[in-house]
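Colleague: Could you take a close look at how the helices pack in one part of this model? Please begin with any stretch I should set aside, and finish with the surroundings.

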Amino acid sequence: MENGEIGQDGLPYEAVVLDIEGTTTPITFVHDILFPYIRNNVQQFLEAHWASPVLQEKVAALRDQAMTDIDAGLDAPAILDGKHPAVGAVQASVIANVLWQMDQDRKIGPLKSLQGYMWRTAYENGEVKGALYKDVVPALNRWKKAGVDIYIYSSGSVEAQKLLFGWSEEGDLLPFFSGHFDTSIGMKVEKASYSRIAKKIGKAPERIIFVSDNIKEIAAAIEAKFLVVIASRPGNAPLPPSPSAATAMVNERPVAVVKTFSEIFERPSDITLTYRQGAFNMDDLIHLETMFEELGHEDGLRDGIQSGHLEGRLAGVEHGFNLALEAGYYSGLAESWLKAADKGLIALSDRQRKSLTALQSIAASFPMSNMYTEAEAGDAEDIGGDGNDPMAMLQRARARFKVVRSAMGGLLGDQQFSSEKKSRGLNF
C-alpha cells in the first residue's frame, strides 16, 4: 500500500511512533526536573545503594565506558577500581564521571542506564511524576479504539520511557503501547533506524506515522518512507521557514505541523501531503498547480498588507493578493509542464524547456514587498531602484508567458491567468 492510501479503518496509517521530549512531554520536564534530579541526588543515591548488585553492574559499565573514552583521547574522568579500599573515593570518581557526561549532553548507554535506575526510585517514591501535554491521553485513546498500534521511540532508554508513562500524571499509560525503542536500535537521525523499526513491528513504512519535534529525525523518517508529522510545542526549536504555518519544508517536501495531537485526526490530508508531492502522476500535476494558486493567495495577502501602508490597507491587500496570485499561476504552470516532461508524460523541445524554465525563474523571484506605488513602479529601474519591484517583475513574467505560448504552440490551448479562483486543467 502506498503512502497516504486510506485503509479500512479510515486512517492512512496502521501504527504510530511517538517521540517524547517536545512531542508528548514538555522539554522543560527533562531539563528542569529529570536531569537536575540526577545532579542533586547522585551522591546520596550511590551511598544508599552502593551494596546493590544492580548498582555495581551499572557502575562497572560506566567504568568500562570511561576507559573507552580515555583511550579515544577524551578528557573523561576515570572511575576507580571497585576493589579500591576507599569507597568514598570510588564513589567520588563515579560522580565526577557522571557529571562530566551530563555536561557533554551525552546519550551514551551506561549513563542512561544509571539515570533510569535512579529515576525509577524517584518515580516509585512519588518524588517525580511523568509530565504530558493534555492532548496526549485523548489521542492515545482514539488510536487504541481505531486499532492503531502505538510505539515510543526516544533517545531516552526504554527503562526511562516506561517509568515516565507508567508513573505519569495521568496514571499508568503503559497498556496503550505495543512497544518501545531507544537508540539501541539506531540513532534517531539515521534512516536505517526507522527501517529497522518498521521491520521489527511488522508494518510497511508507508503505513507508519512518526511524530517528533526534531527536523533531523523527521528527515530520516522521510528517507525511510514513513509518514511524518512535526510537533510544534511551546519552547521547541524554531521550524524552517515555510509558505504556510500549517507545514514546514523538510528535504524539499512539505510536512504537516501540529500544535496538538488532535490536529493529526482533524487534518488527515495534510499528513499525506509529503508524499503526494513526490509521487508525480496526472492528479498530482493538477494538484501542484492548485497548490501554487493557494500559495499565491497566501503570498498575495502578505504583500497586500505590506503595500497597504501606501495604498490603503483594504486596497493594498486586494491588489497585492492579485499580483502574487498571478505570479503563482505562472510559476505553477511552468513547474507543472517541466515536471511532466521530467516524468516522461510529454516531450519538450529545447526552446520550449528554456522558455518554461525562464518563466519559472522570473515568477519564483517575485518579491514579497513593494517600495513603490503603482505609479512609481514603471519607473523603478529608471530612478535607480534595484529592479525588484513587484509590478516590474510581473510585467516581465507576463512578457515571458507570451514567449512560452509562442514556443508551446497549441499545447497550452486557451490557458491564461484569471483572477477568478477556479481549477484549470492541463492539456497533456
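Modeller: Over residues 373-386, pLDDT (the predictor's confidence in each residue, from 0 to 100) stays under 50. For this stretch the model has 16 contacts beyond four places in sequence, a contact being heavy atoms within 4.5 Å. Residues 277-288 also stay under 50 in pLDDT, and there the model has 24 contacts beyond four places in sequence. Over the chain, mean pLDDT is 84, and 80% of the residues reach 70 or more.

The model is a predicted one, so local features need pLDDT of at least 70 and side-chain atom pairs count only at pLDDT 80 or more, while totals for chains, interfaces and linings use all residues. Residues are numbered from 1 along each chain as its sequence is written, and side-chain values use heavy atoms, with hydrogens and water left out.

The chain has 16 helices and seven strands. These are DSSP runs numbered from the N terminus: H or I of at least four residues for a helix, E of at least two for a strand. Of the 428 residues, 49% are buried; buried means under 20% relative accessible area, exposed means over 50%, and partly exposed lies in between (1.4 Å probe, protein chains only). Among contacts between residues at least 6 apart in sequence, 66% join residues at least 24 apart.

Now to the part itself, helix α4. Two packed helices are described by the angle between their axes and the distance between the axes. Axes here are lines fitted to C-alpha atoms, for helices over the stretch in contact, and angles run from 0 to 180 degrees between N-to-C directions.

One partner of α4 (residues 109-124) is helix α3 (residues 87-103): the two pack at about 110 degrees, with their axes 11 Å apart. That makes α3 roughly perpendicular to α4, the class for 65 to 115 degrees; under 35 counts as roughly parallel, over 145 as roughly antiparallel, and the rest as oblique. From α3 the contact takes V98, Q101 and M102, and from α4 it takes L111, L114 and Q115. By class, these residues are four nonpolar, two polar and no charged. Nonpolar here covers Ala, Val, Leu, Ile, Met, Phe, Trp, Tyr, Cys and Pro; charged covers Asp, Glu, Lys and Arg; the others, Gly among them, are polar.

The other packing to look at is with helix α1 (residues 27-49), whose axis comes within 10 Å of that of α4 and crosses at roughly 95 degrees. Helix α1 is therefore also roughly perpendicular to α4. On the α1 side are F29, L34, F35, Y37, I38, N41, V42 and F45; they meet Q115, Y117, M118, W119, T121, A122 and Y123 of α4. Twelve residues of this contact are nonpolar, three are polar and none is charged. Q115 is thus listed in the contact with α3 as well as in the contact with α1.

N41 deserves a separate word. It lies in α1 and counts as buried, because its relative accessibility is 18%. N41 and M118 are 77 residues apart in sequence, yet their C-alpha atoms are 8.6 Å apart in space.

As to the surroundings, nonpolar side chains tend to be buried together in soluble globular proteins. A nonpolar core is a set of buried Ala, Val, Leu, Ile, Met, Phe, Trp, Tyr and Cys residues joined through side-chain atoms within 4.5 Å. The largest core has 87 residues, and Y13, W143, F226 and I264 touch the most other members. Its largest share, nine residues, comes from α1. Apart from this core lies another of 26 residues, including Y329, L348, F366 and A397.

Away from that packing, A219 sits in helix α8 and is buried, because its relative accessibility is 12%. Leaving aside neighbours within four places in sequence, A219 is in contact with V250 and N251. N251, in the loop between β6 (247-250) and β7 (253-258), has a positive phi near 55 degrees without being a glycine.
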